[in-house]
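Colleague: I'm new to this one and would love a close look at a single part. Could you walk me through the surroundings of the ligand?

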Amino acid sequence: MNKRILVTGGAGFLGSNLCGRLLEQDHKIVCMDNFSTGSWRNIAPFLDNPNFSLLKHDVTEPTLLDIDQIYNLACPASPVHYQADPIATLKTSVLGALNVLEMAKLRNIRVLQASTSEVYGDPDIHPQPENYWGNVNPIGPRACYDEGKRSAETLFFDYQRQFALPIKVIRIFNTYGPQMQLADGRVVSNFIVQALTGQNITIYGDGMQTRSFCYVDDLVSGMVAMMNSGADVVGPINLGNPEEFTMRELADIVVEMTNSRSRIIHQPLPIDDPRQRRPDISRARQSLDWNPNVALRDGLVRTIAYFEDMLAEQTRAAS
Ligand SMILES: NC(=O)c1ccc[n+]([C@@H]2O[C@H](COP(=O)([O-])OP(=O)(O)OC[C@H]3O[C@@H](n4cnc5c(N)ncnc54)[C@H](O)[C@@H]3O)[C@@H](O)[C@H]2O)c1
């Protein structure tokens, strides 16, 4: 059945990809965004679609809408952006969660929280299963995001226990793909833009820290599967690609695939940067029958093509 679905943060990277998928499925979408890190370009293809409506609104302010489901994605996700105004980031996570939960409670509808692998902090166990409680510095520069997302999870589970609210919580691991910003600041977009523009490719630390990278189409499939899963599937559930790469390996692959002449240089490691990250996705496999299908090189082909277009647009606009 077609639903009226609220996507907070719908003009962002994941949000706009999710809106696109839900529109393909003939749902009616309300995209709520304050455009702090989202972009008009991401939602431009939907503006003529009668099933799409845009609500320029800050999720920290309460509102009540006539809807059937909520995906709560509003929050800056890249360290450069979430650390630029840490108090706003914490407020977005906590007050945003509270506001969507109140709306879901009044409507008695499903609400999905886009949580993050950052709740595991710099993990002591590897790969990270959902029952690992994490190793987060509560007062460091990343805490506004990590602790904000942890508090949001607490609120979700308290609403479930106190009001029997149908919640869904996913923990997203590094995801990449089209609709990321040129100056997004995350590693895949940084490396690609640096490689395409011939700038030095900056690796923080020795480059031996690891991450796993999920292509956005796979992630969106997992998100939608989670929202529509059985009532007993509440989460938290890890969503990500368990294939693990060092930053050095990723940089080498990007340089090779872009035929770049960029040099790889090293800069100091940021404070509290996790050494390794890889999701244990057994729960997602069992409960959602979900598996990431797009291999890193295949996802990079599409992502590099997207950034080439973005850079060409930027050059045309400047001339
Ligand atoms: N992309 C990833 O790898 C990743 C990993 C883990 C978790 N997540 C989570 O997924 C969600 C989306 O991430 P993304 O990568 O698309 O980031 P993004 O920065 O591209 O998108 C976030 C969107 O939220 C909007 N927003 C921010 N604060 C808001 C507010 N107060 N009110 C209304 N809108 C607001 C922004 O304008 C933007 O459109 C975030 O909650 C993030 O924590 C993403």
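Modeller: Happy to; here is a tour of the ligand's surroundings, with a short look at some aromatic rings afterwards. Please keep in mind that this is a predicted model.

Around the ligand there are 29 residues, and the closest are Leu14, Asp33, Thr37, Tyr145 and Lys149. By type, this shell divides into 13 nonpolar, twelve polar and four charged residues. Thr37 also makes a polar contact: an N or O atom in its side chain is 2.7 Å from an oxygen atom of the ligand. The backbone takes part too, with an N or O atom of Gly38 lying 2.9 Å from a ligand oxygen, and a backbone N or O atom of Thr175 lying 2.9 Å from an oxygen atom of the ligand. On its own the ligand would expose 820 Å², of which the protein buries 97%. Helix H1 (13–24), strand S5 (110–116) and helix H5 (143–163) are the elements that give two or more residues to the shell; S5 gives the most, with three.

Now to the rings. Tyr120 and Phe173 form a tilted aromatic pair, with 6.1 Å from centre to centre and 35° between the planes. This pair links distant parts of the chain, 53 residues apart: Tyr120 is in the loop between S5 and H5, while Phe173 is in the loop between strand S6 (167–172) and strand S7 (175–176). Both residues, Tyr120 and Phe173, are buried, and ring pairs join them with Tyr132 into a cluster.

Note on methods:
Residues are numbered from 1 along each chain as its sequence is written. This is a predicted model: local features need pLDDT of at least 70, side-chain atom pairs count only at pLDDT 80 or more; totals for chains, interfaces and linings use all residues. Side-chain values use heavy atoms; hydrogens and water are left out. A residue is near a molecule or strand if one of its heavy atoms lies within 4 Å of it. A polar contact is a pair of N or O atoms within 3.5 Å; within protein, one must be able to donate a hydrogen and the other to accept it, and residues adjacent in sequence count only if both atoms are side-chain atoms. Accessible areas come from the Shrake-Rupley method with a 1.4 Å probe; for residues, only the protein chains shown count as cover. Helices (H or I, at least four residues) and strands (E, at least two) are DSSP runs, numbered from the N terminus. Ala, Val, Leu, Ile, Met, Phe, Trp, Tyr, Cys and Pro count as nonpolar, Asp, Glu, Lys and Arg as charged, and the others, Gly among them, as polar. Rings of Phe, Tyr and Trp (its six-membered ring) pair if their centres lie within 6.5 Å; planes under 30 degrees apart count as stacked, over 60 as edge-to-face and the rest as tilted. Buried means under 20% relative accessible area, exposed over 50%, partly exposed in between (1.4 Å probe, protein chains only).
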